[in-house]
Amino acid sequence: MKILVLALALTVLPASVALAQNAAPKSLLENEQISVREIKLAPGAKQPAVQRPNTFLYALTDGSIVFTPPGRKGYELTFKAGEALWLPSQETATSNESDKEVRALIVEIRARAPAAAKKGKPSKGTKGTKGSKKGGAKS
């Protein structure tokens, strides 16, 4: 049963944890592709449902958080300090219904990095060097 609950949590677990607190998260890195923040989720803190991108969460403390997708029953996810979780993009309300603060690092994946520009002309799928003929050079 615990595995089923964890599997369900990992499929619908949102990154809205980063905003579900009383104080603003500490921004560690911010650009158009990624956001890295340290969060402190105070006891009793609540956040209304918010859509968030794919996220990596690294727990800094033991804790538990209640996630409530719109129109659905909430569920609690309990984790240990040092656990790493992948949180797919989802919409959900988040709350800390425990009596202790939860701290974590949140890495939100916003967009893929642009493809690196290739030097020279693009390949047309031919092998060999420019000017060579199929079947090899004549002697």
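**Two open sheets and a nonpolar core**

An open sheet of four strands has the order β3-β8-β5-β6, with antiparallel pairing; strands here are DSSP runs of E with at least two residues, numbered from the N terminus, and two strands pair if DSSP finds at least two bridges between them. This is a predicted model, in which local features need pLDDT of at least 70 and side-chain atom pairs count only at pLDDT 80 or more, while totals for chains, interfaces and linings use all residues. Residues are numbered from 1 along each chain as its sequence is written, and side-chain values use heavy atoms, with hydrogens and water left out.

**The four-stranded sheet**

- At the edges of the sheet β3-β8-β5-β6 stand β3 (46-52) and β6, each with a single partner strand, so one side of each is left without a neighbour in the sheet.
- The twist in this sheet averages 30° from one strand to the next, where axes are lines fitted to C-alpha atoms and angles run from 0 to 180 degrees between N-to-C directions.
- Strands β5 and β8 (residues 90-95) run antiparallel and are joined by three bridges, and Thr68 stands opposite Ala93 in β8.

**The five-stranded sheet**

- A further open sheet, of five strands, has the order β1-β2-β9-β4-β7 and antiparallel pairing, and its edge strands, β1 and β7, each pair on one side only.
- Neighbouring strands of this five-stranded sheet are turned by 20° against each other on average, with direction ignored.
- Strand β1 (residues 26-30) pairs with β2 in the antiparallel sense over four bridges, a hairpin of three residues joins the two strands, and Ser27 stands opposite Arg37 in β2.
- The antiparallel pairing of β2 with β9 extends over eight bridges, and Ser35 stands opposite Glu108 in β9.

**Core and surface**

- The largest nonpolar core (buried Ala, Val, Leu, Ile, Met, Phe, Trp, Tyr and Cys residues joined through side-chain atoms within 4.5 Å) has 16 residues, and those with the most contacts inside it are Leu57, Ile65 and Phe79.
- Two or more residues of this core come from each of β2 (34-41), β4 (55-59), β5 (63-68), β6 (75-79), β7 (84-87) and β9 (102-109).
- Phe56, Tyr58, Trp86 and Ile109 form a nonpolar patch on the surface, with about 360 Å² of accessible area together; such a patch joins nonpolar side chains (Val, Leu, Ile, Met, Phe, Trp, Tyr) within 5 Å, from residues with over 30% relative accessible area and no salt bridge, meaning no side-chain nitrogen of Lys or Arg within 4 Å of a carboxyl oxygen of Asp or Glu, and the areas come from the Shrake-Rupley method with a 1.4 Å probe.
- Tyr58 is found in strand β4 and counts as partly exposed because its relative accessibility is 33%, where buried means under 20%, exposed over 50% and partly exposed in between.

Methods
Buried < 20%, exposed > 50% of the residue type's maximum accessible area, 1.4 Å probe, protein only. Patch = residues over 30% accessible without salt bridge, like charges linked within 9 Å, V, L, I, M, F, W, Y side chains within 5 Å.
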